[in-house]
Amino acid sequence: MIQSFNFKSTPSLIFGAGKIMELPNLLGQFGKRLLIVAGGSSFTSGPVWPTLEMTLMQNGFSLALCRIDNEPTPADIDQISDQYREENIDAVIAIGGGSVLDTGKAVSAMLAENGSVADFLEGVGTRKPSGLKVPFIAVPTTSGTGSEATSNAVICSVGPEGFKKSLRHDKFIPDLALLDPQLTISCPRELTISCGMDTFSQLVEAYLSTNASPITDALALTGIRTVIQSLPQAIADGNNLEARSDLCYGSYLSGIVLANAGLGTVHGFASALGGYFPIPHGIVCGTLMAAANMSALEQLLTEPESQPTAIALSKYAALGRMIKEETTSQVEDARAFISYLVNLTESLHLPKLSSFSISYEDLEKVVATSSNKYNPVQFTDEQLLQILRARL
């Protein structure tokens, strides 16, 4: 019997190589005054932007362009929102990586609000977002966060009292997501690895989540297979359009399952670490993925038999069977997945936490602000410390 579950809406989706040039026709439904949010320079200095800009202007659109070249801070969002709040913007279009999409999503919401975005952040502010926003269109140029499919924008303030928190409302899901794999071709190798491991960890955590459903399981498994097959190909040859297309698709699926199943320990760590240290989100996810899942599996194998334990073990085994040529026992299949993660961590040379000036003394503070809400194992603080120490 299928248990009850909820499933959030997804954006209107346009997917395919070369689809970016359909954007002018798609934007007509929203209005003519556009705010374009882009990264530092990579997209606007590339071959696509001049043609796209000219086509938009020839079709009567008025364009304002702002840039974000870092993970968005409250000050960034406030500055952009204050600048354009009285400009009667008809739509916000974010073209870039996860930070750019989060910026565009937050700005589209804050154009309809008064006050600082910090007032509305989960765990930071005291106000609830109204859900009002300027229409928002997401055009990712990396395959990582899945922000093009989610209802939250991650805002951070890095430092001793830092945080990495979400501006969230079900109505903040993009009105349109346009995924053109050709836009990801220019992603350098290191960014491909970081983004790919973010996608991979989101898919795996959502699949193992105690809040998973039959729909999120099906989508997550599809995405996991895709990433296992295509991430190595995209790393080896960034011009491999087929592999890039697969990763775009996997990233989009990771956003859907993130929004509906929730995540676990790895992303709980990533949120805490990202607030205190300038460490790339995907690197946190990648470097901790093997250690966290190894600890989870070993604890599951020592727990008394129960339905949640049985479900989690069967899921780990299913992941292992994607790697192994032959099925043996459930335990050996599950451990095969952990071995794959360990080998992947080593082969990609994922940096340890100490590479980012994180010390042994910092770990208790990180654990104190971490979460593993939907993890198949509820770790103690000491177990969480052991996971972090393993990658220090």
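Here are some worked exercises on helix packing, cysteines and single residues in this predicted model.

**Exercise 1. The pair H8 and H9**

Task: Describe how helix H8 (residues 265-276) and helix H9 (residues 281-302) are placed relative to each other, and which residues meet.

Solution:

Step 1. Begin with the geometry, since two packed helices are described by the angle between their axes and the distance between the axes. The axes of H8 and H9 come within 9 Å and cross at roughly 140 degrees.

Step 2. Put a word to that angle. Over 145 degrees would count as roughly antiparallel, so the crossing at roughly 140 degrees makes H8 oblique to H9.

Step 3. Add the hand: H8 and H9 cross in a right-handed way.

Step 4. List the partners. H8 brings Val266, His267, Phe269, Ala270 and Leu273, and these meet His281, Val284, Cys285, Leu288, Met289 and Ala292 of H9. Sorted by class, the contact of H8 with H9 holds nine nonpolar and two polar residues, with no charged ones.

**Exercise 2. The pair H9 and H10**

Task: Carry on along the chain and work out how H9 packs with H10.

Solution:

Step 1. The axes of H9 and H10 come within 10 Å, and their crossing is at roughly 130 degrees. This makes H9 oblique to H10.

Step 2. Check the hand: the crossing of H9 and H10 is left-handed.

Step 3. Look at who takes part. From H9 come Asn293, Ala296, Leu297, Leu300 and Leu301, while H10 supplies Thr309, Ala312, Leu313 and Tyr316. Seven of the residues in this contact of H9 with H10 are nonpolar, two are polar and none is charged.

**Exercise 3. The pair H10 and H11**

Task: Find the angle, the hand and the residue classes for helix H10 (residues 307-321) against helix H11 (residues 330-347).

Solution:

Step 1. H10 and H11 pack at an angle of about 65 degrees, and their axes are 7 Å apart.

Step 2. The crossing in which H10 passes H11 is left-handed.

Step 3. On the H10 side you will find Leu313, Ser314, Tyr316, Ala317, Leu319, Gly320 and Arg321. They meet Gln330, Asp333, Ala334, Ala336, Phe337 and Ile338 in H11.

Step 4. The classes in the contact of H10 with H11 are eight nonpolar, three polar and two charged residues.

**Exercise 4. The cysteines**

Task: How many disulfides does the whole structure hold, and where is the nearest cysteine sulfur to Cys156 and to Cys248?

Solution:

Step 1. Searching the whole structure turns up zero disulfides.

Step 2. Take Cys156, which is in no disulfide: its nearest cysteine sulfur belongs to Cys285 and is 14 Å away. A disulfide needs the two sulfur atoms within 2.5 Å. Cys156 has 3% relative accessibility, so it counts as buried.

Step 3. Now take Cys248, also in no disulfide, where the nearest cysteine sulfur is that of Cys187, 9.0 Å away. Cys248 counts as buried because its relative accessibility is 3%.

**Exercise 5. Two residues, two settings**

Task: Is Val257 buried or exposed, and is Ser45 buried or exposed?

Solution:

Step 1. Locate Val257: this residue sits in helix H7 (residues 241-261). Its relative accessibility is 0%, so Val257 counts as buried.

Step 2. See what surrounds Val257. Beyond its neighbours within four places in sequence, Val257 is in contact with Gln202, Leu203, Ala206, Thr216, Leu219, Ala220 and Gly262. Leu203 lies 54 residues away from Val257 along the chain, and their C-alpha atoms are separated by 7.0 Å.

Step 3. Turn to Ser45, in the loop between strand S2 (33-38) and helix H2 (48-58). With a relative accessible area of 57%, Ser45 is exposed. The C-alpha atoms of Ser45 and Ser166 are 30 Å apart, with their positions 121 residues apart along the chain.

**Exercise 6. Positive phi**

Task: Where do Asn88 and His349 lie, and what are their phi values?

Solution:

Step 1. Asn88 is not a glycine, yet its phi is positive, at about 55 degrees. Asn88 belongs to the loop between helix H3 (74-84) and strand S4 (91-96), and it is exposed, with a relative accessible area of 59%.

Step 2. His349, another residue other than glycine, has a positive phi near 55 degrees. Its place is the loop between H11 and helix H12 (363-368). A relative accessible area of 65% makes His349 exposed.

Key: Residues are numbered from 1 along each chain as its sequence is written. This is a predicted model: local features need pLDDT of at least 70, side-chain atom pairs count only at pLDDT 80 or more; totals for chains, interfaces and linings use all residues. Side-chain values use heavy atoms; hydrogens and water are left out. Axes are lines fitted to C-alpha atoms, for helices over the stretch in contact, and angles run from 0 to 180 degrees between N-to-C directions. Helices (H or I, at least four residues) and strands (E, at least two) are DSSP runs, numbered from the N terminus. Angles under 35 degrees count as roughly parallel, over 145 as roughly antiparallel, 65 to 115 as roughly perpendicular and the rest as oblique. A crossing is left-handed if the near helix is turned anticlockwise from the far one by less than a right angle, and right-handed if clockwise. Contact means heavy atoms within 4.5 Å. Ala, Val, Leu, Ile, Met, Phe, Trp, Tyr, Cys and Pro count as nonpolar, Asp, Glu, Lys and Arg as charged, and the others, Gly among them, as polar. Buried means under 20% relative accessible area, exposed over 50%, partly exposed in between (1.4 Å probe, protein chains only).
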